[in-house]
Every structure is written in structure tokens, then in C-alpha cells.
Amino acid sequence: MTLLAVTDLSAGYGKAKVLHGVTLSVAARQIVAIVGPNGAGKTTLMHAVMGLLPRAGQVSFMGQAAGDVGWMVQRGVVLVTETRALFTDMSVEDNLELGGFSVWRQSRGRQGGRELRSSMADVFDIFPRLAERRRQSAGTLSGGERQMLALGRALMGQPKLLLLDEPSLGLAPKIVADIFRVIGTLRDRGIAILLVEQNARAALQMADHGYVLEMGRVALHGPCSVLAEDARVIETYLGRKREGAASS
Ligand SMILES: Nc1ncnc2c1ncn2[C@@H]1O[C@H](COP(=O)(O)OP(=O)(O)OP(=O)(O)O)[C@@H](O)[C@H]1O
Ligand SMILES: [Mg+2]
């Protein structure tokens, strides 16, 4: 089943057009990767899909024409931005609680409180490091822990579709591997993921389907297994393998 369908989407900032007729889709339980150079419009695409920017073209979610950002959030679409806007003076726990706010508001009262606690237990289950640091203020977390908190906070909203903008940005390889492992876990739990990544190798390994975005247009797309064998993708995004050298 198609969860998210984007057809002929254009968007930009005032007169500066950034996206020119982008078409893509994400099916249930799928990870879809978007790779492309700096400035290609990847972040703009996430924002336009989310309804945070004026756009032309069609976006639909679960068969309905998408509304504004509130409409998207209510239906379980959550964006985790590059900047990982956390409340740095607040504790890990309080940040998570805020992520669950919309769920709490929908079910209200005691039942909402129970749901909140069970979501938080789930998040701590996925990220034991956050449980150990639940009372620490978000501003004192390491980069990797912050990214985990940003993901954890998104999970508190019980998403159906996560839009992840460069979750591995600036993180050490070991932490990147952790984050990608979690992304796999989320997919296994039934959450669909639209993943923007500079780390094309890891993204194409993890995802089912991939899109290459160049200058605001889809230059290439297909199953990741096919993209990963594409000569242009290898040359531009995966780096040429050194001949005769053992690859690591
Ligand atoms: N708020 C803004 N106002 C005007 N132009 C913007 C704004 N945000 C982004 N742009 C421009 O839109 C283009 C696409 O930017 P975008 O951030 O979507 O690229 P990106 O693919 O996410 O790049 P990166 O890999 O560096 O994150 C760039 O030329 C950028 O300068
Ligand atoms: Mg970006």
C-alpha cells in the first residue's frame, strides 16, 4: 500500500524555485532513501512534503490529499530535522514528553498519561542510553545521544511515517552504525521511513528504494540494489572502488 505519494511537486523560497516537478512514493513498511549533493533540494523536499513550505503539485497521505503541517502530524507523519531542534535546558524525559504531546492531547486524561508512559518505555527500550540519562539536560548530551533523543522524541508521536533529514550528520562511524541499526528496527516495527542521507553507501544499503535528487529534479530512481550497481551512482555517490585493493 502506498502511504505517501508525491506527484509533480515544485517548491522554493519566493522567486527562487528549488524543486521542479518531483515525483516519488513511499509504501508501508518501506525505507526510501533520497541522496544527492549539497543544495540539491533534499531538505526543501522534506519541508514541502510536510507542508512547511508553499508548494505546487500533489501530496497525498494514505490516499487523502495532504493538508498543512498540523494535518500531517495528526495523521502520524513526523519530521526529524537536520538541526535536531531539542529543548536544550530541559531533561531527556521532558523532551520525550513533549514529543508525545499530540498523542496525549488526542486521548486526553488518564488514558493519555498511560499511553505516554508506555511510549516512553518503548523509546527507552530502543535507546537504553537515553534511559540512563533521563534526567540529564538535552544540551549536555553528546552528538550521537542528541540524535537518539531527536529520534526518540519523534517516536513518542507514534508515527506511521518518519521523515529523517540526515540522521548521521556529523556523527562518528560507530554511532552512525547504531543510528542505522535503529532505523532498521523502526522499519521492522512497521514505521515507513523517508531518509535523506549524504552517507549514500549506508542509505542505499539500508533502503528498499532510492531516489537521486540533483538540482531539484529526480535524476534517477529505482530499487537500491539496482542503484548501487549503477555506474553513475557508484562514481558520484559511492566513490570509485580502488582496483585490486581489498574493500573494507
Ligand atoms: N530559507 C531559504 N531561503 C532561501 N533559499 C533557501 C532557503 N533554504 C534553502 N535555500 C536554498 O535552496 C537550495 C536547496 O537547499 P536545501 O537545503 O534544500 O538543499 P539540501 O539538498 O538539503 O542540501 P544539504 O545536503 O547541504 O543539506 C539551496 O540553493 C539553498 O541555498
Ligand atoms: Mg539538507
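This report walks through a ligand shell, a sheet and a pair of domains in a predicted model.

**Around the ligand.** Let's start with ligand 1, whose surroundings are formed by Y13, A16, V18, G36, N38, G39, A40, G41, K42, T43 and T44. Two elements, β2 (16–27) and α1 (42–50), each give two or more residues to this shell. The largest share, three residues, comes from α1. Sorted by class, the shell around ligand 1 holds four nonpolar, six polar and one charged residues.

**The sheet.** Four strands make up an open sheet with antiparallel pairing, in the order β2-β1-β4-β5. The edges belong to β2 and β5 (64–65), each of which has a single partner strand, so one side of each is left without a neighbour in the sheet. Two bridges join β4 (residues 55–61) to β5 in the antiparallel sense, and S60 sits opposite A65 in β5. Helix α1 packs on this sheet, where it touches β1 (2–13), β2 and β4. The direction of α1 makes about 70° with that of β2.

**The domains.** The protein chain splits into two domains, listed here with their bounds and the residues each brings to their contact.

| Domain | Bounds | Residues in contact with the other domain |
|---|---|---|
| Domain 1 | 1–76 + 159–240 | Twelve residues |
| Domain 2 | 85–158 | Ten residues |

The C-alpha centres of the two domains are 24 Å apart. On the side of domain 1 that touches domain 2, α2 (69–74) and α8 (173–188) are the elements that give two or more residues. Here α8 supplies the largest share, four residues. By class, this side of domain 1 has eight nonpolar, four polar and no charged residues.

Terms used:
Residues are numbered from 1 along each chain as its sequence is written. Chains are lettered from A and ligands numbered from 1 in the order in which they are written. This is a predicted model: local features need pLDDT of at least 70, side-chain atom pairs count only at pLDDT 80 or more; totals for chains, interfaces and linings use all residues. A residue is near a molecule or strand if its C-beta atom, placed from the backbone, lies within 6 Å of it. Ala, Val, Leu, Ile, Met, Phe, Trp, Tyr, Cys and Pro count as nonpolar, Asp, Glu, Lys and Arg as charged, and the others, Gly among them, as polar. Two strands pair if DSSP finds at least two bridges between them. Two residues are in contact if their C-beta atoms, placed from the backbone, lie within 7 Å. Axes are lines fitted to C-alpha atoms, for helices over the stretch in contact, and angles run from 0 to 180 degrees between N-to-C directions. Domain bounds come from an automatic or database domain assignment.
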